[in-house]
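Here's a structure to go through at the bench, one question at a time. Have the sequence and the 3D view open while you read.

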Amino acid sequence: MSLTLVYKGPAERGKCWQQAVADTLPEIRWFTWPDVPDPQAVDAFITWTLPKDYQTQFPNLKAIFCVGAGVDQLAPASLSPGIRLVRMLDPSIATQMQSYVLSAVMMIHREQFRYLRQAAQSLWQPHPVKLPHECTVTILGLGTLGSSVALMLQQLGFSVQGWSRSPKTIDGVSTTHGREGLNTLLPNTDILISLLPLTDDTKGILDYDLMSRLPKDAALVNVGRGEQLVNNDLLQLLDSGRLSQAVLDVFDQEPLPTDHPFWAHPNVHVTPHIASVTRNDTAALRLVENLKLWIQNEPMVGEVNKGRGY
Ligand code: NDP
Ligand code: OXD
């Protein structure tokens, strides 16, 4: 099978991936968006977002390779049944997510944000230290990323709880599923981490009702998607002293507008969607592997269930 691909994204990544494909699968034709001289021939897009009129412009599209792990921006449910959606499942994405969440959890657990604020006032004021097992971290979403983060934290001695849509078993992690499962987890949570995909069910899930069921002084880490969080509900819970702080890597508007209240809030810690970034070098290998599987008519790695949305 000879394939025609269109790459849409940053030029440096495009060059690296084009080379990797040319080295191993020289029969593949590669176009770089927006220079697509033969749109009828295009079999697949490699992209983060699709052009608006892709259906009419590329009538023979059979697959979309998302350059990232999350696919909500491609509106999976709206893709026609004949188009396969494949997300990027490069192990380095999970490794980076582990280190991001670990740094956020440690900053919260060892009260580093509090000591930074104290240091700004030259205030020498020690606080009691808790051991990891005295800190309960609850992870919403136990997929590729959530489960790797759960295992890492459990191995470091934290008490870890996890929540998913279907039942899951992870050694040393207390798991539950479904909305009712949340009732048991939330009141017993010191740090709540969202590693959920954005779907109709998870949009706005981090709202006042859910977050106010956390104990006083609990903290939030959102690395899932910004639209999962109701921003004003978080601000209200922080300002009233119910929640202690939030580490946010994803936002309903990215880049986060410069006048957004999160930037200046003393208890909100913003990073610019960098918890895990797709690496050009390792992800190139994953792309090539999937193209080979496609050509051999084998299941590809990271194929998304479009109806479910993740
Ligand atoms: P997966 O698809 O592997 O896992 C998703 C998990 O969420 C599954 O455990 C699933 O449950 C659970 N889930 C989905 N819907 C619900 C629901 N309604 N109620 C309860 N649980 C639910 O995704 P990944 O772990 O690979 O990634 C998760 C998300 O992380 C991505 O979708 C993306 O939004 C975000 N992300 C953020 C990055 C960043 O840099 N900030 C980088 C990469 C990803 P079940 O197992 O039962 O299906
Ligand atoms: C994401 C990614 O899904 O960057 O956020 O991969």
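Q: Which residues form one aromatic cluster with Y7?
A: This is a predicted model, so everything here is read off computed coordinates. Y7 belongs to one aromatic cluster, and its partners there are W17 and W30.

Q: How many aromatic pairs does the structure hold?
A: Ring pairs are counted when the centres lie within 6.5 Å. On that basis, the total for the structure is 7.

Q: What is the geometry of the pair made by F45 and F58?
A: The ring centres of F45 and F58 sit 5.0 Å apart, and their planes meet at 75°. Planes over 60 degrees apart go into one class. With 75° between the planes, the F45 and F58 pair is therefore edge-to-face.

Q: How many residues apart in sequence are the parts that F45 and F58 tie together?
A: F45 comes from strand β3, while F58 comes from the loop between α2 (54-57) and β4 (63-66). The pair therefore ties together parts whose separation in sequence is 13 residues.

Q: Is F45 buried or exposed?
A: The cut-off for burial is under 20% relative accessible area. F45 has 0%, so it counts as buried. Its ring partner F58 has 2% relative accessibility, so F58 also counts as buried.

Q: What kind of aromatic pair do F251 and F262 form?
A: Centre to centre, the rings of F251 and F262 are 6.3 Å apart, with 55° between the planes. Stacked needs planes under 30 degrees apart and edge-to-face needs over 60, with the rest in a third class. At 55°, the F251 and F262 pair is tilted.

Q: Where does F262 lie, given that F251 is in the loop between β11 (243-248) and α9 (261-264)?
A: The F251 and F262 pair ties together parts that are 11 residues apart in sequence. F251 counts as buried at 8% relative accessibility, and F262 is buried too, at 1%. The loop holds F251, whereas F262 lies in helix α9.

Q: Which residue lies over the face of Y310?
A: Here a charged side chain is set over a ring, at 3.9 Å from the ring centre. The residue over Y310 is R308.

Q: Which residue is joined to P34 by a cis peptide bond?
A: P34 is in the loop between β2 and β3. The cis bond has an omega of about 10°, and the residue it joins to P34 is W33.

Q: What is omega for the cis peptide bond that joins E254 and P255?
A: P255 is placed in the loop between β11 and α9. That is the loop where F251 lies as well. For the cis bond from E254 to P255, omega is about -5°.

Q: What is the phi of A75, which is not a glycine?
A: A75 sits in the loop between β4 and β5 (84-86). With a relative accessible area of 36%, A75 is partly exposed. Its phi is positive, at about 45°.

Q: Which residues surround ligand 2?
A: By class, the shell has 2 nonpolar, 4 polar and 1 charged residues. The residues around ligand 2 are W48, G68, A69, G70, R225, H273 and S276.

Q: How much of the accessible area of ligand 2 does the protein cover?
A: Several polar atoms sit close enough to count as contacts, with a cut-off of 3.5 Å. An oxygen atom of ligand 2 is 2.6 Å from a side-chain N or O atom of H273, another distance is 2.7 Å to a polar backbone atom of G70, and a backbone N or O atom of A69 is 2.8 Å from a ligand oxygen. Of the 210 Å² that ligand 2 has on its own, the protein covers 83%.

Q: Where is H273 found?
A: H273 has a positive phi of about 50° although it is not a glycine. At 25% relative accessibility, H273 counts as partly exposed. Its place is the loop between β12 (268-270) and α10 (280-295).

Q: Which side chain does T4 reach in a polar contact of 3.4 Å?
A: T4 lies in strand β1 (residues 4-7) and counts as buried at 5% relative accessibility. The contact joins the side chain of T4 to that of R29.

Methods:
Residues numbered from 1 in each chain as written. Chains lettered and ligands numbered in written order. Predicted model: local features only at pLDDT ≥ 70, side-chain atom pairs only at ≥ 80, totals over all residues. Heavy atoms only, no water. Near = heavy atom within 4 Å. Polar contact = N/O pair within 3.5 Å; in protein donor to acceptor, adjacent residues only side chain to side chain. Areas by Shrake-Rupley, 256 points an atom, 1.4 Å probe, with all protein chains shown as cover. Nonpolar A, V, L, I, M, F, W, Y, C, P; charged D, E, K, R; others polar. Phe/Tyr/Trp six-rings, centres within 6.5 Å; stacked < 30°, edge-to-face > 60°. Helix = DSSP H or I, 4+ residues; strand = E, 2+ residues; numbered from the N terminus. Buried < 20%, exposed > 50% of the residue type's maximum accessible area, 1.4 Å probe, protein only. Lys NZ or Arg CZ within 6 Å of the ring centre and 35° of its normal.
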